[in-house]
Amino acid sequence: MDVRQAFVVAARTDPSLADVRDRSDRAVYDTMLTVTTALQDAGILRGASAEVEAMRLHALLDGLAAHGVNHPHRMNADRIGAVLDAHFDALVSSGATP
C-alpha cells in the first residue's frame, strides 16, 4: 500500500501515470458498483442507490487502506475487517420484514 500511495502522489504531476491511476481507481469503483448492484437486485440493499453506496464503499476502502499504511498499530487487518463487517451489516438488510 505504501507503493500505491507514492504512485498516486507521483500521478498528480505525471500525466502518463495519471491515466494508470485513473483506470485503477475506476476498476475499484466498478467492482464496488457490481457488489452494490447485486445487493440492490437481490432486494437487500439498505440505504441509498447502488451508485451512492458504491461511492461510499469505495471511499471507506480508500480511507481504511490509508489508515492501515499510516497507522498500522491502530488500524491493523483485524480492525479493518471489523470495520468492513460493520459496514456491510449496516448496508444489507436481512430481508425479513418487521
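Tutor: Let's start with vocabulary: helices (H or I, at least four residues) and strands (E, at least two) are DSSP runs, numbered from the N terminus. Residues, too, are numbered from 1 along each chain as its sequence is written. This is a predicted model, where local features need pLDDT of at least 70 and side-chain atom pairs count only at pLDDT 80 or more.

Student: Where is Val83 placed?

Tutor: Val83 sits in helix α4 (residues 77–91).

Student: Is Val83 buried, partly exposed or exposed?

Tutor: Buried means under 20% relative accessible area, exposed over 50%, and partly exposed in between (1.4 Å probe, protein chains only). With a relative accessible area of 31%, Val83 is partly exposed.

Student: Which residues does Val83 touch, not counting residues up to four places away in sequence?

Tutor: Contact means heavy atoms within 4.5 Å. On that basis, Val83 touches Leu60 and Leu64. Leu60 is 23 residues from Val83 in sequence, and their C-alpha atoms are 9.2 Å apart in space.

Student: Which element has the highest mean pLDDT, and which the lowest?

Tutor: pLDDT is the predictor's confidence in each residue, from 0 to 100. Among the elements of the protein chain, α4 has the highest mean, 94, and helix α1 (residues 2–11) the lowest, 72. The protein chain averages 87, and 90% of the residues score at least 70.

Student: At what angle do the axes of α2 and α3 cross?

Tutor: Axes are lines fitted to C-alpha atoms, for helices over the stretch in contact, and angles run from 0 to 180 degrees between N-to-C directions. Here the axes of helix α2 (residues 15–41) and helix α3 (residues 50–70) cross at roughly 130° and come within 8 Å.

How values were computed
Side-chain values use heavy atoms; hydrogens and water are left out.
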